[in-house]
Structures are given as structure tokens and as C-alpha cells.
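Student: I would like a close look at one part of this model, chain B, with some of its partner chain for comparison. Could you walk me through it in one go?

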Amino acid sequence: MKQVNLGISKKILALFLGLMLSVCTFAQTSTVTGRVIDVNGEPIIGVNVSVDGGKMNVITDIDGNFSIKVAPGAFLNISFIGYKSQKVSAESTPMRIVLKDNAVLLQDAIVIGYGTVKKNDLTGSVVAMKPDELNHGLQTNAQDMITGKIAGVSVISNGGTPGGGSTIRIRGGSSLNASNDPLVVIDGLAMDNQGIKGVSNLLSTVNPNDIASFTVLKDASATAIYGSRASNGVIIITTKRGVAGAAPKVSYDGNISFGFKRNTVAVMNGDEYENYVETLSGKDSDAYKLLGSQVFGKNYNTNWQDAIFRTAVSHDHNISVSGGFGNIPYRISGGYTNESGTLITSSFERVTGSINLAPTFYDKHLSFNINAKGMYAKNRYADAGAVGAAIAMDPTKPIMVENSSNTAYSDFGGYFQWYSYDSALGKNVINSLASHNPVAMLKQKHDIADSGDFIGNIEADYKFFFCPDLHIHANAGLEYSDGVQRLYESPESYDDSPYGRQGRDHLYKYNKSFNAYAQYSHDFNIHHLDVMGGYEWQHFYRAGLSHYNGVSATHNETSTPTKTESYLVSFFGRLNYSLLDRYMLTTTLRDDGTSRFSKNNRWGLFPSAALAWKIKNEPFMRNIKSLSDLKLRLGYGLTGQQDIDQGDYPYIPQYTVSTTGASYPFGGEYYTTNRPNAYNQNLKWESTTTWNVGVDYGFLHDRITGSVDWYYRTTKDLLNTVSISAETNFNNKLISNVGSLKNYGLEAAIDAKLISKKDFLWDVSYNVTWNKNKITKLTTGTGDGYYVATGSISSGTGETIQAQAVGQSANAFYVYKQIYDTNGKPIAGLYEDRDGDGKITSADKYYYKSPNAPILMGFSNKFVWKEWDFGFTLRASIGNYIYDDVLASHHNVSTTGYYATSGYLTNVMKRALSANFGSTSNIEYSDYYVKNASFLRCDNITLGYTFTNVMSTTFGGRLYATVGNPFVITKYKGLDPEVSGGIDRNVYPRPVTFTIGLNLNF
Amino acid sequence: MKIQNIKSILPAAMMCLAVGSIASSCTGDLNTSPINSNIVQTFDQAAVFAKLYSSLAVSGQQGPSGEGDLNVDDEGMAGFYRLMWNMQELPTDEAACTWTDNGTPELDINSWTSSNAIVGNMYSRCTYDITMCNHFLDNTSDTDQSESTTDLSKDTKHERAEARFLRVLNYYYLLDFFGNVPFSTTVMTTNPPRIERAALYRWMVEELKTIQGNMYAAKAAAYGRADVAADYFLLSRLYLNATVYTGTENKANWDSAAIYSKKVIDSGFKLASKYQYLFEADNGYGDGSVNDATNEIIFPIQQDGVKTNSYSGSLFLIASIHNSDMPSWGSTEGWAGNRARYDLLEKFFPKGVTTTDESTLTSGLATLAGDSRALFFGKDRTQKMASLTTFKNGFSVTKWTNLRADGQATSDTKFTDTDIPLFRAAEAYLTYAEALTRANGGVATQTAIDAVNVVRKRAGATVLTSLTLDQILDERCREFYFEGQRRTDLIRFGYFGGTNQFLWEWKGGSASGTTFDSHYNLYPIPDTDLNANNNLKQNSGY
């Protein structure tokens, strides 16, 4: 209490002295002139320059100049919306004042879990970044903004689906079976990672244009405050706000883009194919008789891949108004995205709106931050299976068959299909084993989702008058979403013939959350103390119904209701202590309770501790002028994982009631059946221990900055679905806590302002990550050679190519070792007999490579020359392997490969000709198909022109052109070397995009 | 100062109130229970009882797939009948499959390992069914002797007996396939102990005898439920194979096999009027319908195209044997997988099929064979299999269809109505004949010959006047091919693993047939359970 009183009296004293001072100096005034510019040397107009404590204030003119009457030695307050305010002493010579914009400001205060921290005081591995306004490609989604920009963070988009999602991995993921997705926190609200029905992207709720900053918490000392959801890192997104008292500022950001398919899989054209079939099978063969020239009297030479792709035109518009209405800063924005996919019929349309109000009361002692974000999206999904079908479809056939040449195809809407006549139905039915017409697959399938989402929260912060060092903070939020995905496939369509299929999958959900914490921070002489304690409550609820049946008959009706909920309740606290601004300690503790586990295992305690030493601040370092920053960080933390993908009640004994198709009759009367379900009463948190050592450095007045981190992470009680002892539970496998995994790696980032002149800037940033993981324990058993199969491939039902095994990388490929002849050509079906028993059995398989890239790099360049800016971003992945499923499933280029006795043809992939494996069985398990997919990709190249003060007004803006995904350098011969999960099958290829955009500020 | 106090206290008080009120109610929120309408938490006797049966017929709680019982890669491949059928038929002289799916090719050529997916899934399915029977028995009591033919929740006496019967039935497949398995009669929380094959056999015989008194009398139960005839039937099968299961030969077992098969014959079941009826869509329609197959079906696995469907039941069988070039089979599904090996064809055509007449090859082979059971399709087919993976290598089998004997439409044109006659009376006749013959030192009595002729007469085949054991085996092949019986029969006759007396196409992986080791007479205990339960031991040879 004593300290507090002292604080108040000091303040009053200062105020009093200030008043006195201004009164005293008012008498002897003189004119002070100066110019206000930004860090790029550009003048800033409209900057408020006022005498500290006085009433005088002026505004800078069009050239940033100002002139004010003031006594020399007095202080001037310089402030402008979007920039950090400054207080400078007035000088008699013309002054030059450089205002830093918020991007720079961000360097100072970083949003972390439940609070902010000064960048210099960080003890954990945390990266904060402001979206780069100048150097970026097409950004439909929030994660597009961080792709390749942060060491240790891998973002792999899930193909070229418009509005599609991405797989985000921070430091490689800590789980095998449980989710490896990082926790996403938007404006202080922790999101669930279930997503929204009908929107393939978790983050699509947030318009990228509304994002002010990203903070990525990587190591456990930073994430442990999020406890049970923090094992895979945390991404904190903060949205933009207005500025108190500022005039309304309107900005528009829009672009139009054109997407093109980059490449296609080389297959035979119609003529080549006909020759091939004639050469191998002969003109009298059944195969030859099926060719277009024989059936339709014409070889149509259809390029199926061209038929399913198009130039996709997309456009995106965003408008925002921000300012301060008195003491209420506000920002209102709206966005509209209309994205077309390169696959015909695929499209994504989205409208977003957001409002932010941040009023403060009682001299900023009480402040609010109110956010409301709404989204509506309409998504038409294209069946990505069409990509594979276009490779396999016979090129001698037409897309549509004219009724005059063969009426049979009217049963399929005129599309060419492989079919046979079904006498039971009295109509033609599609051969379900053959490739389907890819154009029909796209056009006859109407798979359309309508989704709405709302996220709103109110944050309140109250600073006590009697003790301003103490404040309490509360955040109450709600997410509500409602999505319906409707499917319609006509009876003529390729799928589920002959009844067609229609139905809908409806899911609505709400997540309520509330958190509150109290924080006290104070400097006690050379000691600084910051203590925080809080509480959080979250409720996740989902309900819906999926219902499907045939179109023309109530055929195969399925109706599945969903209704589920879970709760998380947490208590957390943090203590920061620093001595002499050199030695720092941070400890956090979180106690998490989840409704997903039984009472005995429900609560998990997650501690962390970190030490930092600001070496640069030591007296003996002060003289080293070239070194501007040097800090050593040590961190330890324990985090958890409760996202187990096994429903919300895995520990509760329960029965599943059968639906119509699974009832059972006795004496002709049908009974509903109840199935007891497997459950695990002992299920508990998966826990990850992380050790982190890092160094932050800066040279030449921070023109070169960066960090290096080493981490070691072990996950125990790994949540994994494993085989359980028969007759002990109601399934063969059960989610259990078994096994351990370790991850370790090194990551480094460097940012350099290579040139920083008035008219010319050159910024470079580079990051590199090296990560390795290994499974150290898998089951309670110790059976030699035990593995858990994973990674389905298309050759045959239920076949897998990957396996989890002790001592191996997660998801390693489990294959036979191919033997090659002296010319380096693989010999069909000849594998190394690794166990030497004289025959090739599954015991001869070995673990070969994994899809995880050991090395990832990102490299960004930005040049600004006067009004022009130019930037590009490169990203490299080294040592990632892919199973080329497309090639493996087309390996058979012999007669039995292109001709099936059930009466259809399959095109030949040219790449498969060289190996010419024929019909040898088990060929798909050869390591021949596991290919090095290292790549260097250019994510974007951007050229922009900025114009300011058009016709002497505050009107300005920027015009830019961007090429997205212009090139990829790789040895991998498939469509795209970047495949999440490592199996290249039916990937919707990422397009090359050309974008022209305009940004206007009023 | 006063105003400032209000300023500080008011918001602070409000926030404290908010924090306090929510914090106090919070931890109680963690006690949740399922809220979905398809989830229940209480034991519903009727619904759990029905599940004990339905788990033989469907693969999960949503037909045809979607809420699978087992955690497997492909639910459609993990239903009881499909797995059992593959393991009984593919390694024999009857059937071979073209598919290269996980596990199938190894079955075709008798070289499976302990990680074979089909073998592993069958083990899981049977042990899972046993666990559910145990659960049912744990939750009901022998003191409840209620009986009701109309209310499933009040028929505890019969249901407990049937649950025990179904448990024995699942153990029977474990006994036959795996031999030495985990054994438990209650839902265990610790790893169950291992039981040796002979001990398991003895327990099963005892169990079947114990429950007889509480089962419905023959033909007294609703169609689909096991009655005492099913009990007798399973006992006769056990006794017939007792030498294999116990490792010692004992004439008393053959006597018992004869006694119990005779009990089945005398229990009121009789042969269907036409062989083909047994494998058609209306085979479960019962009295009053054209198809009189229910006269013969003692224990069916029931199917319905709309209400009880899966990819593992009769749809699997019907779709897997058909291809688009064949005459209509009543389902839009034709998967071109299973077809006859030449050795099966030989049982009807000892010199092979010599005709090239298209209509004979399409629909006249039964007439040509003089046996209505010769349901083959030979057009554009080779009789021998140059390649295991080419469907048209080998004659197609048309025995199973989703067509109705009365010509009416089925309930669905994709999913099948055809019930699977798991136990049917014809087998009792052949078991009776074989048991009598074996008990008589391998010499057939006239009673035995008559029993075989009952079956032959129905098929329109010539009447036998003499009979050898090998002829009985051949007769079983002709009668039960593609019904999931062959492997057991070949092992009982000593013609499966470890002998070069009896070869068939692709036996042991060689096109002309070669011997394979006798340890393949038992399937391996799956790796997964060996890992999980250290009470278990691998069967020798694996």
C-alpha cells in the first residue's frame, strides 16, 4: 500500500511541476520549425504537434512541415494515427522528426498468452510479425500470410481448392494420432479446431485484411500458459483497431486474379494410344475393339486434363473505415471474395464483415475492446478425383456422345461412360470398376455448402485507481457457426448409379468462452515484478444431422444425428521477474480440467520456466558498438494434448443405436440394435516436455537482427489408437496412452536491412529449420517388427504404404527395397530379401524415408525505390519424400494394365513406360515409388507503385501486380512436390496466379 | 475522491461478480454425459440381444457402412461372413480371387503371415462378438427365467441360452481357424488367459449340451433365432471334426456326430424343393412363398437390401462372383473377384467342359452336368487359371444371386435380400453319412448311402449305390461349394497342408499345384493380439 500511495503522489507532483513549467515558459516564446517524416523518409501530413502541457497545437502540412511557437527547451508531443507518439525537446534549428509506424511499434509490445510483453523482455521462443503489406501473393486466408515467413512453422496448403485450408505444423508436430494442429487464438479467444461445416479452412472466419499481427508461440515456456492445448504451438491473431480521436480513414483493397494450371501429367494422346493398343494387343483384340475409332468411327483425341481445367478468374474486395469517435476508436470493415478454382465447377464465395470498438473511460482506467466478425461463405466443391480420372480416361473417346451415334449414353446425360446393360434394371449402368468421365464427375456432382459464422467478444480491462499497477482483465466471447453442405447427384451421374444421391450434412456449433485475470506489475528499484493469475471457462457444443438417400427412390437412406459437447476449465498464472534489466525469469502454471476424461484423470498441471540473460546490457558489453542486442534464453515447459479425435466421451460406457440399414429381423420384425462401444476409463492427457535454448542478436543498430533456437521435445503418454487385448473391450483398437515420440531441431532466422537510404530500401529475411523426429515407444507390447500401418494408397482397398514403428520417423514409408539392373532400370517384382529366408514376404519390408522435410527454408526480399516496391518470396523444402501414388497406380502399361476384362480401357501414363513393370503383383510396395520431393518454390513476385497526396489531398494508395506460385524447382516428376501427408494421389494442383491489385486510402 | 472511489469500485465489483459467479459453477460443468440421440447409456436388453445376431450380418451400426464395429481400414471388408468365407474358400480347390487387396493374394496361394489383414479381422470379429455375448450375459441373470415370444425384453431364459450359443458359435470359428485363443466368459479388464484347442473344444461341447434345455424347441423360435436344432447341428460339426480339434481319434466322437446330425434330420427341417432357392433373394420369405428354402435353413444370417445391409454379407458374395458380361444377378454391383478353380469344375465335369456352345456355357451347364448344383457360367472364360488375377481365367459361379424365385422385385437393386444359410439341413445328411461311415471303419452302410442320396436326389443327380469317404468329400464340395466350408473339410480329410496327395490349381502358389506346410492348417494368432496379450503364444510354424 505504501508503494501505491507513493506512486500517486509522485504523479501528482509531476503534474504540478509540469504545469508550473509550462506557465513559466509561456512568457518567452519563439518559433520552432521542423519536418515529420516516416522511416522511409516520406513526409507525413496531418501530424498533430502540440506543446507538452500547453494548449498550442498545429498540424503538419503537405510536406510534413510544421511551425509552432514555443520556448526553447520545452517538449513537443508529436502524434499521428497509426504511428507511435513521440515527445521531443524543441530545438531552435529546423527539426527532423521520424515517426515509427505501428509495424515498428509492434516490435515493442508483443501479444502473448493472456497479456503482452515487451519484445526485449521475452524469455521464450516467440515470433511476432505484422503482415507484409508490400510483399505477398494472393491471400485468401490468414495462414497464407505466414507461409514460409517464420522459422519452424510449416504451412502446406491442401492443394488448389479455392478457399481451401492448410496444414500448419509448428516444429513438426508432437503427436502421432492426436491433432498436430496448433492452437489458434483470435483476439484472446482460443478457437476449437473443428472448423466450420462446408468451409475447408479453419481460419476463413478472419479476413486477412483485418489482421494486425500474428504471434507464434513455439516453445513450451511460451505456450504452457495454454496448458492442455499447447503442445503443437500457438498462433495468436490480433485484428486491427481504430485510434482514439483520429479522423475517419477509409481504405479499399481489392484485386483481380487469374489462375492457370501449372502442368499436367503426361499421358498418351488419342493417336499414340491407339497405336500403342494396336501394337501390343493387335487389331483383333477385345481391347482394340473398344477404341473410339472402332466404337464411334472416330478417334476423338480428347485431352481430358484440358477438359477439366480452366483459367480461373477471381476477385477480392475489402473496404475498411477506421478512426476515433471521441474516445471510442472504431474500425469497420467488409470484404467480398469470389474465388474460382482451376478445376471447372469449383468456386468459393465469401462475405466478411467486422466491427471493432475500443472505448476507454475514466482516464483510460477502464478500457473495452469489442469485436464482432461475421462470415458467410458459399463453396462449391469439385471432386478432386476427377484429376485422377482425367489421367486414366481413354483419350480416344469424346466427352459427350451425340444421341444420334449411340442412344445408350442418354442414360448418363449424354456423357461418355464405360457401361453395361443391366437387365434387372432395364437400363445401362456405369461400370463401377472403370474410370469415370472426369467432366461428368465435376458437372453432374453438385456439392455445395452454405456456411455462416460469427465470432464476437468483449474484452474489458480495468486499472485500479488506487493502484494503477494492478489491473484486471476479462474477455467473454462466443463463436457460432451454421453450415450446410448439400449434395445432389442425378441418377444419370457417375456415382451411386442408378438412383443418384442427394442429401445434406448440417452442422451447427457454438463455443462459449470466458476468461479473466488480474495482473500486477511494479518496479522495485532494480527489481521488476509482474504477476498474473486467471481463470478460463470454455464450452464447445456441436449438433447436426446428415441425411442422404437416392434421388428417384428412397434408396440406401442414411440419417446420422450428431450432438456433442465438451468443457474446459482452467486456472493459470504467470510470474515475471527481472533484475537490473539483465536477468529475467518467467514461470507459468496452468491447471486444466476437461470433460473428456474421467474424474481421476481430468485435471492436468502444466508448468513452465524460462530464464533470459540480456548479455548486451552487461557493463562489459556496452563498448561493443556494432553489437546492438544479445540475449540468451533457456526454457522448459510441459504442455498437453486433449484433442483426441475420438469424440467427447471416450471414457464413458455407452451404446450406439443402429440406423435403418443396420437393424435386424426376428420372424420378419425388424429390431433396432444397441452396440456397446469401446471406452477407456484410464485415458489421460498426452504431455509434451520441451527444452529450448535460444539466442537473440542484433548488429549495427539492429539493422541485422535474428535468433537461433535449439529445441528438444519429448511427448509421452502419446494418445494413439492401438490394438488392445481381445475380449477386454468392445473393439479391436482403442484410443490409449501408449508410446513416446521425440522431436528435436534447430531453427535460425535473420532479418537484414541491407540498404536503408532515403529513396532506397532493401530488406532481406531468411529462416531455416532443421527438425528430426523419432518414435521411441509405441505400445505396451514389445513385439519385434511391430508397426501401426497408415497412409492409404489407391492400389487395392485398405492397402497402406506408411507405418509407425519404434526407432523410425513418424509416418515413415514401409516398402520393399527395389533391385535395379546394371542399366539402372528397376526389375519388376525383384526386391531385396532382407531377412534372407529365400522368399519375399512382408518381413522383407523396410523403413525408407518419410514425408517430413528435415530442412525447411524461407527467403524474402523487398526493395523500395522511391514510389516503387518490388518483392519476392522463396521457400525451400529439402529431404521430404513422396509416395508417387499416381505413378504406382498406373504402373501396369502392359495389355492387362490398359485393358480390363470387364470391358474398359485405361490410358497409359508416359512416365510409367520406362519401368514397364507389367502386371507383377505387390509392385506398389516398391521403394521405387518413394521419390525425393525436395523443392524450391517461389511463392510470389510482386511489383507495386505507391502514390500519395494525389491532387494535394490525403488521398493515396498503391497499385500492384503479383505472380503467385510462378515456379517450382524440383526433381519430383509428379504434378506438385508439396503434398501434405506424403502420398501424391488426386491432388488438386496449385495454380499459377496473376493478380492485379489496388489499395486506396482516403 | 468520492467520485473516484465509485469509479474504481463499480467496475471492479462488477468484474469480480462476473468472475466469481462463473468460476463457482465451472468445475461442475466437467461432468458431462453423451447428448446425442443415437447414444444411450443404459443396458437395453432387447436391443443388445438383437446386436448379438446382427453382428454376424452387418459390419456396423449404420448400413451398409459408416459406424463400423471394428477399427479397420475398410469396414466393408470386416464383416463376419466375408472374412469367414475368404478364409474357408480362397486357400482351397474351390475358389480364387482376382483382387490384390491387403491379404487376399496370400490366401489364394496358402502363404499368409500373422499380419494378414483378413486373418486379423476375422480374429477381431469373433473375439468382439464373444465380448458382446459376455456383456449381455454379465448384464442379465439366470434367476430371470422369463419367457415371451412377442417381447424381446422379457424372453430372458431363451435369450441367455442363445447368447451362450452365439458365443460358442464364435468360439467355434476361433477353434477351427486359430486353435489356441484367449478365453473368457465375462468381459475382462485384464488380459484373458490362453486356452488350448482341445480344452476349448471340450468346453464348447459341454456348453452346447448345458444350454439345450433353455433353447427354443426346433422350429419354435422366430425365423432368424437359433433353436435347439442349431445347437444339435453345431454339436454334430464339432464331433465330426473332433480328431482335428483334440488331436486324438476316438470312435465315440463319430457316434456322437451321427447321433446329433440324426437329431437335426429328425427335428422337422427338410430340404428345400430346389437347390437354387437356397441362394436366392426370397430364401428367407418362409411359408406361403414360392421359395421354400426356410424349410431347410436351420440358422440363417439374414440380409435385407434396405434394412439389413453391408458390404460383407451376401452382397459381397453375389457381387464378387459376378461381372458385367454375365446374365442379370439382381444387383448393380459386379466386382469380378471370386471364380471357380478348375478342380471345382472337375467335381461336376470330371473331364472338364468340352462344349463350346454359347447358350450351354451361359446357362446350360447344370443340365450338361446332370446336376442342378452345377451353377456355372463359362462364356468367354477359360477353365484353367493362367493368371490368378484375371477374372475370366476360371469359370464364373452363378450359384448366389439377388433374384427372387417368384420373379418379383427385390427391396433394392444394389444391396441384397439374400439370406446366408449358415446351417442348413443338407449338411446334417452328409455329416450323418460321414459319421456313420467313419464309425464303421470307413465302410459305408446303406443308411449312409441313403443319406447322401437324399441330397443327390434333390439335385437331380444320379443315385449312388456305393460310397467311399472320398466320395462323401466330393459330395460335400458339390453341395456346399462357395458356402465357406471347404477348408475345414479338406483338413479333416488330411488333404490340406502338409500333403502332396491332393493338389489343385495354384495350391501353394504354383500353377500346377504344390504342397505347402502343415502349419498352415491353423491360422496364426494375429501379431496385434500377441503384442497386446502376453498370455498368448504363436501357433507353431509362424
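Student: To begin with the surface, how much area does chain B expose, and what share of it do carbon and sulfur atoms supply?

Tutor: Happy to. Please keep in mind that this is a predicted model. Chain B exposes about 17600 Å², and carbon and sulfur atoms supply 50% of that area. Of its 542 residues, 65% count as buried.

Let us take the overall build next. Chain B holds 18 helices and 9 strands. Its radius of gyration is 27 Å, close to the 24 Å from the globule rule for 542 residues, so chain B is as compact as a globular protein of that length. Along the principal axes, the C-alpha atoms of chain B fill a box of roughly 120 × 55 × 50 Å. Among contacts in chain B with a separation of 6 or more, 68% are between residues 24 or more positions apart. As for charge, chain B has 47 positive and 62 negative charges, and their mean positions are 2 Å apart.

Now for the close look, at helix H11 of chain B. This helix covers residues 314-321, and 8 of its 8 residues are buried, so H11(B) is largely enclosed by the rest of the structure. The buried residues are Ser314(B), Leu315(B), Phe316(B), Leu317(B), Ile318(B), Ala319(B), Ser320(B) and Ile321(B). A general point helps when reading such a list. An α-helix has 3.6 residues a turn, so residues three or four places apart point the same way. What covers the buried residues of H11(B)? The cover includes helix H3 (80-89) and the strands E6 (338-340), E8 (396-397) and E9 (420-424) of chain B.

The loop that leads into this helix is worth a stop as well. Gly313(B) sits in the loop between strand E5 (297-301) and H11 of chain B. With a relative accessibility of 2%, Gly313(B) counts as buried. Apart from neighbours within four places in sequence, Gly313(B) is in contact with Gln303(B) and Ile420(B). Gly224(B) is 89 residues away from Gly313(B) in sequence, and the C-alpha atoms of the two are 15 Å apart in space.

Helix H3 also borders another loop of interest. Pro64(B) lies in the loop between helix H2 (45-57) and H3 of chain B. The peptide bond from Gly63(B) to Pro64(B) is cis, with omega near -5 degrees.

Then there are the cysteines. The count of disulfides over all chains comes to 0. Cys126(B) is in no disulfide, and the nearest cysteine sulfur, in Cys133(B), is 11 Å away. Looking from the other side, the closest cysteine sulfur to that of Cys133(B) belongs to Cys126(B), and 11 Å is too far for a bond, because a disulfide needs the two sulfur atoms within 2.5 Å. Both cysteines count as buried: Cys126(B) has 0% relative accessibility, and Cys133(B) has 2%.

For comparison, here is chain A. Its secondary structure comes to 11 helices and 57 strands. A compact globule of 1002 residues would have a radius of gyration near 30 Å, and the 32 Å of chain A agrees with that. The C-alpha atoms of chain A fill a box of roughly 110 × 65 × 65 Å along the principal axes. Of the 1002 residues of chain A, 55% count as buried. The accessible surface of chain A is about 39700 Å², with 56% belonging to carbon and sulfur atoms. Chain A has 89 positive and 89 negative charges, whose mean positions are 7 Å apart.

A few residues of chain A round this off. Ser320(A) is found in strand E18 (residues 312-325) and counts as buried at 9% relative accessibility. Leaving aside neighbours within four places in sequence, its contacts include Lys249(A), Val250(A), Arg331(A) and Ile332(A). Lys849(A) is not a glycine, yet its phi is positive, at about 60 degrees. Lys849(A) is placed in the loop between strand E48 (846-848) and strand E49 (855-865) of chain A, and is partly exposed, with a relative accessible area of 39%. Asn916(A), another residue other than glycine, has a positive phi near 45 degrees. The loop that holds Asn916(A) runs between strand E53 (904-905) and strand E54 (930-932) of chain A, and Asn916(A) is partly exposed at 43% relative accessible area.

Technical notes
Residues numbered from 1 in each chain as written. Chains lettered and ligands numbered in written order. Predicted model: local features only at pLDDT ≥ 70, side-chain atom pairs only at ≥ 80, totals over all residues. Heavy atoms only, no water. Helix = DSSP H or I, 4+ residues; strand = E, 2+ residues; numbered from the N terminus. Rg over C-alpha atoms; globule rule 2.2 N^0.38 Å. Buried < 20%, exposed > 50% of the residue type's maximum accessible area, 1.4 Å probe, protein only. Contact = heavy atoms within 4.5 Å. Areas by Shrake-Rupley, 256 points an atom, 1.4 Å probe, with all protein chains shown as cover. Lys, Arg positive; Asp, Glu negative; His and termini not counted. Charge placed at Lys NZ, Arg CZ, Asp CG, Glu CD.
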